[in-house]
Structure formats: C-alpha cells, structure tokens
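The questions below go through one structure, beginning with its ligand site and then turning to the backbone and to chosen positions along the chain. Each answer is meant to be followed with the coordinates open.

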Amino acid sequence: MSEVTGRPSGPRSDPEAVPFFSQAATFKVLWPLIEERVNEVFAAGKFSHGRQVAAWEQELAACTGARFAVGVNSGTDALMLLLRACGLQRGEGVLVPAYSFVATASAVVLAGGRPEFVDIDPVTYAMDAACLESAVTHASRFVLPAHLFHQMADMAALGAVASRCGLTLVEDSAEGIGMRQNGRHAGLHGKGGVLSFFPSKTLGALGDAGAVLTDDPEVAGIIRALRHHGRLGPTLGDFSAISTETDVPGFNSKMDDIQAAVLSAKLTRLDADIERRAELAAAYTERLRGVPGITRLPRVVPRPTDAGVSTAVFYVYLIEADDRDRLVEHLTGRGVGTEVYYPTPLHLQPCFADLGHTRGDFPRAEAASARALALPLYPDLEPHQVDLVCDAIREFYTGKPT
Ligand SMILES: *Cc1c(COP(=O)(O)O)cnc(C)c1O
C-alpha cells in the first residue's frame, strides 16, 4: 500500500487511469446550455417547485410517453410516494426482488408496508415470474419489480402473475430511463414507476432528483399533494394561488429548479449518450468473451413483443467473476475503479432482520451478490480505457501482463 494514497502501489499503479465514473468532459461540452437554463432560474427567482420544474415535467412526459411526470427530490421518495398514492395500507405486503439497491425495499417500509422478497432471474437480475407466483401470501397487495443495469424485467410474465393474484403492479424503474418493452417506456407497465436522476444514473442531475411516471390522473394528483406538505390545489409555479390549508399530512419531497434546468439541458444528449453506452458495452463484450474466470457477461434477452427492436439501455456493465474481491484489488492497483452492485442481498440487510430471513433463502440473489462486478461505463469513457480495463482483467486470470 502507498502510505500517501492508501492505494495498493506497484510499478504500473495509476490511480487516475479509469475512474469508475466521471462526467467532466460531458459538462465541459454542455456548460453553455446549462448556464443559459440555470440563468433562467435566477431570473425567475424561484428555486424550488417553480416554473422550471413544471417545464421539466412536460419534457419528461413527452420523452417517456407518460401522461404525467411528477418531479420530486429523489428516486427513493418517488417510490415511497408512489406506493402511498396507490393506496398501500399499513402492514400490507409488497413483493420486491431480493437483489436490488436497498431503496427498493426501504421505500416499502417508509410507506408503511412490509417487504416480501422474491428471487431473481439469473440472466436479467430482475424478479423472476415463477418465484413471484410462489412468494405471494395472504398479505400481498403490490408487486414492485426493479429494472437493473441494462434491461427491464419480463413485464408480460410478471404482469400475468400480478393480475391472476389480484396484485397492483408498480415499477422501480429508477435505472430505467430510455428502456422500453412492448413499445412502452419503463415505469408505464402498471400503475406507475419512478426515475432517479442521481448524478451517476444514465440521466444525472448535479445532485439528487427523481420523478414518478404514471398514466393515472388520481395517482399523479395525490403525489403532487404529498410532495408538497399535503397541499392539494395550485399548479406548479403559480405562487399567487397557494393554499394555506393542508388536506393530508404530507412530506417535503419537492424538486429544485436548478436541477430541473440541468436535466433539461442534459436531456438534449440523452439519445447520443445511450448510443455511446451501447458502443462501449459492445466493446467490453468483444474483449472479455472467452476470458477464463469471467463466468457471465451481460446478455440482452429478446422479448417476442419487441420484434427485434432494441429495448436495452446500458446504465451499468455488469460481469460475474471468479474470485471477485481479489479481482477488485488487482484492478484498483491498475488504477481501474469498479463497484460491487449489490454487495448484500436485501433479505440479509441488517435493516430487514426483523423479517426473519437467513442465508440460503434466495440462492440466486446470493450468488449474484457474491460474483457481480460493475465496470466503468459512462459517455466520457474512451475506447482505449475499455482496452486498459479488459487487459487488466485478462492479466489477473491468465497471470500474463499484456
Ligand atoms: C438509484 C436507485 C434508487 C434510488 O434513487 P435515488 O435517486 O438515489 O434515491 C432506487 N432503486 C434503484 C434500483 C436504484 O438504482
């Protein structure tokens, strides 16, 4: 270890070679447009819940095909508000995948519900429909699949189980901007879904932000009230009409106008960014195919309803690898940043210990947590950096420097 940086040292150690995430180059190019839009916020003088947020909601609805897009402060609050707006009652069961970001299940608890875990499909990493069917209990009211990494869950199969069992379907589509299935954007296959604009997401703000997508006017209306202290009534940006009466106890989950301005500027690049991510992902797959020790590369499962149209968006490039933790150390020593998505399956998280699960309950989720590794993937990444990452991985498994 280097005493100065705390990183493993070695002759080829370069801590800056390939960061796990960076958007410095993107921001350099986009800065004039961001500056113009942010200046409009200063001119309007409203920094929260104002006209830029209202304009952003229109743009997001147009881009996703949602009837309503409701801007909020984060993907996590979007999930919690969506479950409440869809009528989740205290103690009711919400079926969630055992493998996801922790917020998928904590939002259920924050909304008053009880998470009921379901094992995953090992190829898509999303909730498996057969496992869902056998996990349904008398308390189950909702099913909340998450679309992870690069493709959506099998919504036709999950939707069929949900309607057979009388469950309301909502989606954790926090990672899903741009993903589609059967011609519909992620989040629009049930009662509603969410998006996260956390900086490292496919469409990232300069801080936290999120949204709910829904075609249901009642759900949209309740979320509009709940995000703003429970106040029904005035439209966004219309401050003269703000009601001082509170109809239901609500939250403060409003969105900042500066984030709306940044997102509106970044949206102009979304299609190009998605294309760039796909090219980089294809380059990884080409270079990593056949490397011993790598036991799974991402695969896009074709859906009959999609008629050959690509519906994937590479938010994360996730591999499964033997001896993963030592591979991470090796890559760190070569200046390559990686992240383990997700290191602890949800049923083994200490915050859900009261649900009484033990190791072995969801073997596919546990296997993914033990083997999965996300490699750097973002529009700023250069092809020679992909080569460097792949060379370092090959070197680890073959023992040969390249
Ligand atoms: C990012 C993410 C969230 C939470 O979004 P925030 O905006 O960070 O609150 C929820 N679920 C999944 C699957 C995510 O990837």
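**The ligand site**

Q: How many residues surround the ligand in this predicted model?
A: The closest residues around the ligand are Gly-75, Thr-76, Glu-175, Ser-196 and Lys-201. Sorted by class, the shell has 5 nonpolar, 6 polar and 3 charged residues. The number of residues that surround the ligand is 14.

Q: What is the distance from a polar side-chain atom of Thr-76 to an oxygen atom of the ligand?
A: Several side chains place polar atoms by the ligand, and Lys-201 is one of them, with an N or O atom of its side chain 3.1 Å from a ligand oxygen atom. In the case of Thr-76, a polar side-chain atom likewise faces an oxygen atom of the ligand, and the separation is 2.5 Å.

Q: Which residue has a side-chain N or O atom 2.8 Å from a nitrogen atom of the ligand?
A: The contacts of Thr-76 and Lys-201 go to oxygen atoms of the ligand, at 2.5 Å and 3.1 Å. The contact to a ligand nitrogen atom, at 2.8 Å, comes from the side chain of Asp-172.

Q: What share of the ligand's own accessible area does the protein cover?
A: On its own, the ligand has 380 Å² of accessible area. The space that the ligand takes is the largest pocket, and the protein's cover over the ligand's area comes to 92%.

Q: Which elements give two or more residues to the shell around the ligand?
A: The ligand takes the space of the largest pocket, and 14 residues surround it there. The elements that each contribute two or more residues to this shell are helix 3 (75-85) and helix 4 (103-110).

**Backbone geometry**

Q: Is the peptide bond from Tyr-341 to Tyr-342 cis or trans?
A: Most peptide bonds are trans. Tyr-342 belongs to the loop that runs between helix 10 (324-333) and helix 11 (363-371). The omega of the bond from Tyr-341 to Tyr-342 is near -10 degrees, and this bond is cis.

Q: What is the phi of Asn-182?
A: Most residues other than glycine have a negative phi. Asn-182, which sits in the loop between strand 6 (180-181) and strand 7 (184-185), is not a glycine and yet has a positive phi, near 50 degrees.

Q: Why is Asp-323 classed as partly exposed?
A: Asp-323 lies in the loop between strand 11 (317-321) and helix 10, and its phi is positive, at about 55 degrees, although it is not a glycine. A residue counts as partly exposed between the limits of 20% and 50%. Asp-323 falls in that class because its relative accessible area is 41%.

**Positions along the chain**

Q: What separates the C-alpha atoms of Ala-25 and Pro-379?
A: Ala-25 is part of helix 1 (residues 24-44) and is partly exposed, with a relative accessible area of 41%. Along the chain, Ala-25 and Pro-379 are 354 residues apart, while their C-alpha atoms are separated by 8.8 Å.

Q: Is Glu-275 buried or exposed?
A: Glu-275 is found in helix 9 (residues 270-288), and its C-alpha atom is 31 Å from that of Ala-105. The cut-off for exposed is a relative accessible area over 50%. Because its value is 54%, Glu-275 is exposed.

How values were computed: Residues are numbered from 1 along each chain as its sequence is written. This is a predicted model: local features need pLDDT of at least 70, side-chain atom pairs count only at pLDDT 80 or more; totals for chains, interfaces and linings use all residues. Side-chain values use heavy atoms; hydrogens and water are left out. Helices (H or I, at least four residues) and strands (E, at least two) are DSSP runs, numbered from the N terminus. Buried means under 20% relative accessible area, exposed over 50%, partly exposed in between (1.4 Å probe, protein chains only). A residue is near a molecule or strand if one of its heavy atoms lies within 4 Å of it. A polar contact is a pair of N or O atoms within 3.5 Å; within protein, one must be able to donate a hydrogen and the other to accept it, and residues adjacent in sequence count only if both atoms are side-chain atoms. Accessible areas come from the Shrake-Rupley method with a 1.4 Å probe; for residues, only the protein chains shown count as cover. On a 1 Å grid over the protein atoms alone, a cavity is a set of points where a 1.4 Å probe fits but cannot get out, and a pocket is an open set with protein on both sides within 12 Å along at least five of seven lines; lining residues have an atom within 4 Å of a point. A molecule sits in a cavity or pocket if more than half of its atoms lie within 2 Å of its grid points. Ala, Val, Leu, Ile, Met, Phe, Trp, Tyr, Cys and Pro count as nonpolar, Asp, Glu, Lys and Arg as charged, and the others, Gly among them, as polar.
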